[in-house]
Structures are given as C-alpha cells and as structure tokens.
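Student: I'd like a close look at one part of this model. Please choose a part that connects to several others, and tell me what surrounds it.

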Amino acid sequence: MKEPSVPESLDRIDRKILHLLQRDGRMTNADLAEAVNVSPATCHRRTQRLFEDGYIKSVRAEVAPEKVERSALVLVGVVLDRSTPESFRTFEAAIKKLKFVLDCHLVAGDFDFFLKIRVRDIHDFNRLHGDQLISLPGARQTRTFFVMKEVVDNAPLDF
C-alpha cells in the first residue's frame, strides 16, 4: 500500500516524531529520541523545527469533559439569513466571543456553519441556545444534534 502524500520537507523521522507526539504530547525529549532512534540533541532540533515550520501548532492537555461537567456534546447547524462576505464576517466575529463553542466551521451544503459545543446537560444547552445562539447576528435558523455516543473524537491525523 502506498504511503499517503506528505510534504517532501518531512522525512521518515519527522513523520514518526509527529505521530508519536499526536498520541502523547507529554513524551520527554529523551523518550522521543529513543523511539525515533536519534540523539536527544537531534530530536530536540527536529522538534523545534516542526514547531517553527508550523507542523505542530500547539501542545495542550485533553481534559475529560465529564470531569469538568461538560459531558453533553452538541452539534449545531446554523443557516444565515444572507450569504455575503459581510454577514459571514459578522457572524464569525460574534461566534469567536462565545467560550462554550469549541469548534466553528464554515461548510457547504444545507448549513452555513457547524458548531461543536460542550455543555453540562440539555437544560444548560437550552439556556445558552435561548440566551446567545439564536441572537447571533444573521442567524436565521439553527438545527441542533445531541450526540448520543462519541465513536471517534479527535483522532490523530493519518499521513
């Protein structure tokens, strides 16, 4: 089977570093160097270059939603009343201010945007929906999907 296309600036070692860090961002440089079979100094240089070149955007902890009372996952499709660059900009500026929105994607199809939201429960979502979501600028319609089971969530990129 042919390997997926990867930019030529990434060699086998860089790809392995990226794969390992996707699965465990807390790996020490020493453990990472051993896993990719290079010296710690070489591994550190390579990892720094991957950051500098933008291959690694950030490293952060993945918090268990149920431990911080955010176990309900909700997807919301939003249709705007107009499809203009200005209405998109206005909506995007407003949505970035809502801390409960984890992801916002401009999409093609029946909706203009898809939102990923984590809340405590349906009552919490109902409050946010009534107080903030339906009053977003340009929002004509929303359609809500409560996630029953997370089968795959935030899987590592395959490259």
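Tutor: Let's start at the largest pocket, where helix 1 gives the largest share of the lining, four residues. Keep in mind throughout that this is a predicted model. The largest pocket holds about 1,700 Å³ of space. It is lined by 37 residues, and those closest to its centre are Ser-58, Arg-60, Ala-61, Glu-62 and Asn-154. Two or more lining residues come from each of helix 1 (12–23), strand 2 (101–106) and strand 3. By class, the lining is made up of 19 nonpolar, 13 charged and five polar residues.

From that list, I'd choose strand 3 for our close look. It runs over residues 113–119, and six of its seven residues are buried. Strand 3 has pairing partners in strand 1 and strand 2. With strand 1 (residues 72–80), strand 3 pairs in the antiparallel sense over seven bridges; within this pairing you can look for Val-74, whose bridge partner in strand 3 is Ile-117. With strand 2, the pairing is again antiparallel, over five bridges, and here Asp-103 stands opposite Lys-116 of strand 3. Strand 2 and strand 3 form a hairpin with six residues between the strands, and in that hairpin Gly-109 takes a positive phi near 125°.

While you have strand 3 on screen, it helps to recall how side chains are arranged. In a regular strand they alternate between the two faces of the sheet.

With that in mind, turn to the aromatic rings. The model has six aromatic pairs. One of them joins Phe-88 and Phe-113 in an edge-to-face arrangement, with 5.8 Å from centre to centre and 80° between the planes. Phe-88 belongs to helix 4 (residues 85–95) and Phe-113 to strand 3, so this pair ties together parts that lie 25 residues apart in sequence. Phe-113 has a relative accessible area of 1%, and because the cut-off for buried is under 20%, Phe-113 counts as buried.

The next residue to inspect is Phe-114, which pairs with Phe-145. Their ring centres are 6.3 Å apart and the planes meet at 40°, so this pair is classed as tilted. This pair, too, links distant parts of the chain: Phe-114 sits in strand 3 and Phe-145 in strand 4 (residues 139–146), 31 residues apart. Phe-114 is partly exposed, at a relative accessible area of 28%. Phe-145 also counts as partly exposed, at 34% relative accessibility.

To finish with the rings, go back to Phe-113. Ring pairs join Phe-113 with Phe-88 and Phe-91 into a cluster.

Before you rotate away, follow the chain back from strand 1, the partner of strand 3 over seven bridges. In the loop between helix 3 and strand 1 you reach Glu-69, whose phi is near 55°, a positive value in a residue other than glycine. That deserves a second look, because most residues other than glycine have a negative phi. Further back is helix 3 (residues 40–52), which contains Thr-47. Thr-47 is buried, at 10% relative accessibility. Leaving out residues up to four places away in sequence, Thr-47 touches Ile-17, Leu-21 and Leu-32.

Definitions and conventions:
Residues are numbered from 1 along each chain as its sequence is written. This is a predicted model: local features need pLDDT of at least 70, side-chain atom pairs count only at pLDDT 80 or more; totals for chains, interfaces and linings use all residues. Side-chain values use heavy atoms; hydrogens and water are left out. Rings of Phe, Tyr and Trp (its six-membered ring) pair if their centres lie within 6.5 Å; planes under 30 degrees apart count as stacked, over 60 as edge-to-face and the rest as tilted. Buried means under 20% relative accessible area, exposed over 50%, partly exposed in between (1.4 Å probe, protein chains only). On a 1 Å grid over the protein atoms alone, a cavity is a set of points where a 1.4 Å probe fits but cannot get out, and a pocket is an open set with protein on both sides within 12 Å along at least five of seven lines; lining residues have an atom within 4 Å of a point. Grid points are joined across faces, edges and corners, and a volume is the space filled by probe spheres set on the points. Ala, Val, Leu, Ile, Met, Phe, Trp, Tyr, Cys and Pro count as nonpolar, Asp, Glu, Lys and Arg as charged, and the others, Gly among them, as polar. Two strands pair if DSSP finds at least two bridges between them. Contact means heavy atoms within 4.5 Å.
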